[in-house]
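User: Could you take a close look at one part of this model with me? I would like a connected picture of a single residue and its neighbours.

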Amino acid sequence: MSPTTRLEDLEDEATLQLDAKGNLRHLLTLKSLDKALLTEMLDDAERYLTAHGSLPARSRSLVGRTIANLFFEPSTRTRASFDLAGKRLGADVLNLDVNTSSRKKGESILDTIYTLQAMQVDVMVVRDASAGVPAYIARNVLDHVCILNAGEAEVSHPTQGLLDVLTIRQHKGRFENLKVAIVGDVRHSRVTMSVSQGLTTLGVGELRLISPPALAPDPESVPGALIMDDLDAGLEDADVVMALRIQRERIGNLDGIPGIDEYFANYGISAKRLEIAAPDVIVMHPGPMNRGIEIESAVADGAHSVITQQVTNGVAVRMAVLDRVGRTLAAR
Ligand code: ASP
């Protein structure tokens, strides 16, 4: 069987991630998680935050457990964040060097997984450029192994979605009256997919997805969102603005994609442009940032920016998720 994105697989993915008692067993997508569970996960993450300058939060809840980070696509912050999260919970963390891994030598992904399973790895954190891979692995592992999706093609990046939603909640409290504007290469953004799913479940007031027409999403993939191509209209009174990178590695044909200068002029978040948004707007970016293309440095480092807070929240969210699947394993 090969990884696919067939509808029945996506439905299956939703049921796959909870066990019979409704506990989180795998984290594959935010799509099917209800408001109560999302809220609990955000509350858990808050408990792993400490004041700047003090030591980071720690617990011993995963002592004796082993986590393997399997990133078949490049990653800096997500991988480092999962690594620290696992270590701060007391787990043994294995970071596989995928450039020399057996998969490069032709081994099937499942053989790699079975090898790690035989080494008594409990949690596998997976990033892959093909849609369907995390669910495919989840369907094939033993009962006591958890799979966490750390970025799946352009379809899902659930821990990023959670950390973004947490950052918004910290600044804005409630979601009902918020206008959230996500700007850039929406079509190829798994971050947009996950954050949109989380925000929709939490009852966001208005979700605007703003991009050049060639980078607009399929409306069916983001039900309820407003799809726009005029940045000024999209920024009007926005409470939250998230800038995205153009994901050139996912774009086969660059026709219709504006050049850098044109892109910045039409879709770049500059200090001037930000004046259209609400006076207390927060500015987010999932990283990696291309300064001067999708965001001006003055904005990225400015008073409205919460970009480094997103990174801090990322570790807390991953600790909360790891701890939760650890509890599911312990309760078996
Ligand atoms: N780091 C994010 C991701 O893995 C965003 C990006 O790469 O632009 O999707």
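**A close look at Asp-185**

Analyst: Happy to help! A polar contact of 2.9 Å links the side chain of Asp-185 to that of His-188; such a contact is a pair of N or O atoms within 3.5 Å, where within protein one must be able to donate a hydrogen and the other to accept it, and residues adjacent in sequence count only if both atoms are side-chain atoms. This is a predicted model, in which local features need pLDDT of at least 70 and side-chain atom pairs count only at pLDDT 80 or more, while totals for chains, interfaces and linings use all residues. Residues are numbered from 1 along each chain as its sequence is written, and side-chain values use heavy atoms, leaving out hydrogens and water.

Asp-185 sits in the loop between strand S5 (179–183) and helix H7 (190–201). A polar atom of its side chain also lies 2.8 Å from the backbone nitrogen of Gln-247.

Asp-185 is buried but has no salt bridge, and the nearest side chain of opposite charge, Arg-187, is 6.3 Å away. Buried means under 20% relative accessible area (1.4 Å probe, protein chains only), and a salt bridge needs a side-chain nitrogen of Lys or Arg within 4 Å of a carboxyl oxygen of Asp or Glu.

Leaving aside residues up to four places away in sequence, Asp-185 touches several others, including Leu-215, Ile-251 and Tyr-263; contact means heavy atoms within 4.5 Å. Tyr-263 counts as buried because its relative accessibility is 1%. Tyr-263 lies in helix H9 (residues 260–267) with Tyr-267, four residues apart, about one turn of the helix.

How values were computed:
Helices (H or I, at least four residues) and strands (E, at least two) are DSSP runs, numbered from the N terminus. Buried means under 20% relative accessible area, exposed over 50%, partly exposed in between (1.4 Å probe, protein chains only). Lys and Arg count as positive and Asp and Glu as negative; His and the chain ends are not counted.
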